[in-house]
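Got your viewer open? Let's take a walk through this one, selection by selection, and see what turns up at each stop.

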Amino acid sequence: MKLTIVTGASKGLGAALVKKLVFNRHDVIGLASSAIENWEIHDVEGFLPIQVDLSDSTQLEAVWEDVRNQIATDSHTSFTLILNAGILEPMNLMGQVEDA
C-alpha cells in the first residue's frame, strides 16, 4: 500500500489531490490549519485528516511524532510528500497596491 502526505489538504487543489489518491487506493494523511469539520473531504476510509498550523514549530513537532508513529506501524511500500500548503496575503486591486 502507498502512503501519501498532503499539506493544504482541506480545500481546493489539496482536497482534489486527496480525493484522487484515496480513489487510487493510497492511504492519505492530510494536513491543514482549518478545523477538520470544515474540510471538503474528511470522513473517508483511507484518509487521516490532521489539523495543524505548519508555521508553528511546536504543533509541527507534535504532528510529526504522530505521523512517524503511523508510518512505523503500517506496511506501506512507498511514501510520498506533497507540499501544497500556502499562504495568500490579502489581495487588492492593482491601483490600490502599495509599493514595496
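**Stop one: helix α1**

Start by selecting Gly14, Ala15, Val18, Leu21 and Val22, which are the buried residues of α1. Now look straight down the helix axis: these buried residues fall within an arc of 130°, so they line one face of α1. Keep in mind as you go that this is a predicted model.

What do those buried residues pack against? Colour the four strands and you'll see: the partners are β1 (2–7), β2 (26–32), β3 (47–51) and β4. Next, spin the helix round to the face turned away from its buried side, where you'll find the exposed residues Leu13, Lys20 and Phe23.

While you're here, try a quick ruler check. Helix α1 covers residues 12–23, and at 1.5 Å a residue its 12 residues should span 16 Å; put a distance between the end C-alpha atoms and you get 17 Å, which agrees.

**Stop two: just past the helix**

Step along to Arg25, which follows α1 and sits in the loop between α1 and β2. Is Arg25 buried or exposed? With a relative accessibility of 65%, Arg25 is over the 50% cut-off, so it counts as exposed. Check its backbone too: phi is near 70°, a positive value in a residue other than glycine.

**Stop three: His76 and its company**

Jump to His76, in the loop between α2 (57–73) and β4. A relative accessible area of 12% puts His76 under the 20% cut-off, so this loop residue counts as buried.

Which residues does His76 touch, once its neighbours within four places in sequence are left aside? Show Met1, Lys2, Leu3 and Asp27 and you have the list. Zoom in on Asp27 in particular: its side chain makes a polar contact with the side chain of His76, at 2.8 Å.

**Stop four: Leu81 on β4**

Carry on into strand β4, residues 78–82, and pick Leu81. Leu81 has a relative accessible area of 52%, which makes it exposed. Now add Val6 to the selection and draw a line between the two C-alpha atoms. Leu81 and Val6 are 75 residues apart along the chain, yet their C-alpha atoms are separated by 6.2 Å.

**Stop five: a pair of rings**

Select Trp39 and Phe47, both of them buried. The count of aromatic pairs comes to 1, and here it is: the ring centres of Trp39 and Phe47 lie 6.1 Å apart with the planes at 45°, so the pair is tilted. For the angle, the relevant cut-offs are under 30 degrees for stacked and over 60 for edge-to-face, with the rest called tilted.

**Last stop: zoom out**

Clear your selections and switch to a cartoon view. How many helices and strands are in the chain? You should be able to pick out 2 helices and 4 strands, and following the sequence from its start gives the pattern β-α-β-β-α-β.

Now turn on the surface. The chain exposes about 7100 Å², with carbon and sulfur atoms supplying 54% of that area. Of its 100 residues, 28% count as buried; the ones you picked on α1 are among them.

One more number to take away concerns contacts along the chain. Among contacts between residues at least 6 apart in sequence, 47% join residues at least 24 apart. The contact between His76 and Met1 is a good one to look back at before you close the session.

Terms used:
Residues are numbered from 1 along each chain as its sequence is written. This is a predicted model: local features need pLDDT of at least 70, side-chain atom pairs count only at pLDDT 80 or more; totals for chains, interfaces and linings use all residues. Side-chain values use heavy atoms; hydrogens and water are left out. Rings of Phe, Tyr and Trp (its six-membered ring) pair if their centres lie within 6.5 Å; planes under 30 degrees apart count as stacked, over 60 as edge-to-face and the rest as tilted. Buried means under 20% relative accessible area, exposed over 50%, partly exposed in between (1.4 Å probe, protein chains only). The expected span of a helix is 1.5 Å times one less than its number of residues. The arc is that of the directions from the helix axis to the C-beta atoms. Contact means heavy atoms within 4.5 Å. A polar contact is a pair of N or O atoms within 3.5 Å; within protein, one must be able to donate a hydrogen and the other to accept it, and residues adjacent in sequence count only if both atoms are side-chain atoms. Accessible areas come from the Shrake-Rupley method with a 1.4 Å probe; for residues, only the protein chains shown count as cover.
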